[in-house]
Amino acid sequence: MNYKILWADDEIDLLKPHILFLSNKGFDVTPVNSGSDALEEIDHGTFDIVFLDENMPGMSGLETLNYIKSTHPNLPVVMITKSEEEYIMEEAIGAKIADYLIKPLNPNQILLSVKKILDNKRIVSEKTNLGYQQEFAQLSMSVQDLEDFEGWADLYRKLVYWDLRIDNTEDKSMHEVLNSQWTEANQRFSDFIFDYYKDWLTDPDVDRPMLSHQVLKKRVFPLLKQEEPVFLIVIDNLRFDQWELLEPAIADLFKINRKDYYYSILPTTTAYARNALFAGMMPLDIAKNHPELWVGEDEEEGKNQYESELLGKNLEKERLDIKYSYNKIIKTADGKSLAEGAKNLLNNDLNAIVYNFVDMLSHARTDMQMIRELAPDESAYRSLTKSWFSHSSLYDLLRVLSNQKVKVVITTDHGTIRVKKPYKIIGDRNTNTNLRYKAGKNLAFDEKGVLFSRNPEELRLPKVNVSTSFAFAREDYFFAYPNNFNYYVNFYKDTFQHGGVSMEEVIVPLIELEPK
């Protein structure tokens with residue numbers, strides 16, 4: 001591409017060697033002697049970048065810069081100066097310059113600046129695609145060979161890394177290849193869960209990942225010994241790729257002491273995984289030990305009404321006599337009120353706060369056409385999450401906490417996956433409505449492609465009656481009933497769901513922070 005450069009300097013004749021160097025590199029350079037001449041050229045021509053000397057007679061470089069930004073805010077400007085005075089740099093940076101060069105200049109310094117600004121997207125795209133191509137074979141071998149939970153977590157995070165890198169490039173030619181690799185990886189990951197999940201729950205000697213019901217005991221309660229208030233923030237339905245987009249803003253406020261993961265239990269839903277998280281017990285144990293706090297599949301009552309009480313029982317079980325609070329944020333006003341009164345929470349040893357926005361976003365995307373249009377794929381879904389966070393009461397709360405002596409743990413209860421393929425299942429009227437798992441007594445399906453259990457207790461799940469069985473969708477499938485099959489396919493295809501077996505649902509972020 002033949003880029004056009006405008007260069008304004010009162011000593012422009014002395015810069016002819018540099019201008020000739022750029023011309024030989026294929027750039028079209030227009031030289032002018034003053035800021036006013038530069039503005040005249042900009043008003044009557046089109047340029048890709050402006051080089052602007054800071055110390056010109058008449059209209060100074062900074063004055064010219066401010067005028068350019070008021071009329072052409074997206075035109076990149078490189079400020080060039082002999083001075084290294086801090087206030088000049090701050091003025092230029094405040095006016096959103098693209099780069100800042102100090103005389104004497106050398107040709108490669110100028111070329112680097114031009115390429116960084118004008119060719120950045122092309123270069124990043126080429127290097128990203130080349131990097132992914134080089135790692136493709138290694139990732140493919142890992143998909144075939146992995147037999148341990150740590151390896152799968154590492155592979156998942158590598159795929160997230162490349163997904164985000166390729167998503168930020170102009171040339172997305174590698175996306176189709178990466179999507180195929182995602183599909184293959186989730187097929188194998190589902191097989192891995194099928195093979196090992198029951199052993200994780202029943203065999204005390206087997207090597208296992210940290211599961212939902214172990215998170216507080218292993219990662220949160222030990223922080224209470226450090227005599228600083230601990231804030232446990234649970235963002236419902238948060239995936240690793242979404243966390244990666246939130247991380248830069250949070251890293252401005254906190255030191256990230258530990259960036260970890262855990263495996264959500266099955267079903268990967270709020271009713272099971274989050275209750276297990278707070279209770280420190282598997283669902284079957286909650287139902288047996290605290291039946292008054294467990295709401296079964298056959299009950300209409302909300303399934304997560306007793307999280308505070310379950311947290312209290314967990315603290316008692318671990319003999320932690322502490323002062324704690326629990327808050328669930330569903331409405332914006334509630335979150336704002338909590339953030340404004342955050343300093344009052346510092347009197348507690350532990351503060352558990354649940355933010356339901358991301359979960360509501362996934363459900364809204366299913367139910368509302370407008371949200372579907374705003375978030376047609378993973379990239380847009382991530383973007384909506386980032387936009388929410390930037391203006392959320394959670395961000396307000398974190399800003400307050402960043403100035404206090406506290407420990408912060410950010411995690412979730414499960415992830416979510418965009419479902420694409422229907423899977424036929426038959427159930428009676430009492431079967432639950434979730435699209436990624438089914439619990440009922442008369443389930444009929446092709447057992448080849450489903451993780452299922454005729455004895456839920458081996459999965460540490462309570463059953464409504466003796467013939468209750470559980471079935472879990474794998475990869476990006478979703479369950480659909482034959483009698484309404486076309487309706488289910490058209491309405492639910494490409495929506496974000498949870499409850500089944502996929503890397504996105506099962507392997508979730510667990511982050512420990514402290515203020516800088």
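This briefing describes one strand and its partners, followed by several backbone features found in loops. The structure is a predicted model. Strand S3, residues 49-53, is mostly covered, with five of its five residues buried. Strand S3 pairs in the parallel sense with strand S1 and also with strand S4. Elsewhere, two cis peptide bonds precede prolines, at Pro-104 and at Pro-267, and positive phi values occur at Glu-227 and at Arg-319.

**Strand S3 and its surroundings**

- Both faces of strand S3 are covered. On one side, Ile-49, Phe-51 and Asp-53 are buried, and on the other side Val-50 and Leu-52 are buried as well.
- Strand S1, which spans residues 4-8, is joined to S3 over four bridges in the parallel sense. Within this pairing, Val-50 in S3 stands opposite Leu-6.
- Strand S4, covering residues 77-81, also pairs with S3 over four bridges, again in the parallel sense. Here Met-79 in S4 is the bridge partner of Leu-52.
- Val-50 and Leu-52 thus appear both among the buried residues of one face and in bridge pairs, Val-50 with Leu-6 and Leu-52 with Met-79.
- Together with helix H3, residues 61-71, the strands S3 and S4 make a right-handed β-α-β unit.

**Cis peptide bonds**

- Most peptide bonds are trans.
- Lys-103 and Pro-104 are joined by a cis peptide bond with an omega of about 0°. Pro-104 is found in the loop between strand S5 (99-102) and helix H5 (107-118).
- Leu-266 and Pro-267 are likewise joined by a cis peptide bond, and omega is about -10° in this case. The loop that holds Pro-267 lies between strand S7 (254-263) and helix H11 (270-279).

**Positive phi values outside glycine**

- Most residues other than glycine have a negative phi.
- Glu-227 is not a glycine, yet its phi is positive, at about 60°. This residue is placed in the loop between helix H9 (215-220) and strand S6 (230-235). Glu-227 counts as exposed because its relative accessibility of 76% is over the 50% cut-off.
- Arg-319, also not a glycine, has a positive phi of about 55°. Its place is in the loop between helix H13 (307-317) and strand S8 (324-329). With a relative accessibility of 79%, which is over 50%, Arg-319 therefore counts as exposed.

Methods. Residues are numbered from 1 along each chain as its sequence is written. This is a predicted model: local features need pLDDT of at least 70, side-chain atom pairs count only at pLDDT 80 or more; totals for chains, interfaces and linings use all residues. Side-chain values use heavy atoms; hydrogens and water are left out. Buried means under 20% relative accessible area, exposed over 50%, partly exposed in between (1.4 Å probe, protein chains only). Helices (H or I, at least four residues) and strands (E, at least two) are DSSP runs, numbered from the N terminus. Two strands pair if DSSP finds at least two bridges between them. A crossover is right-handed if, with the strands pointing away from the viewer, the path from the first strand over the helix to the second runs clockwise.
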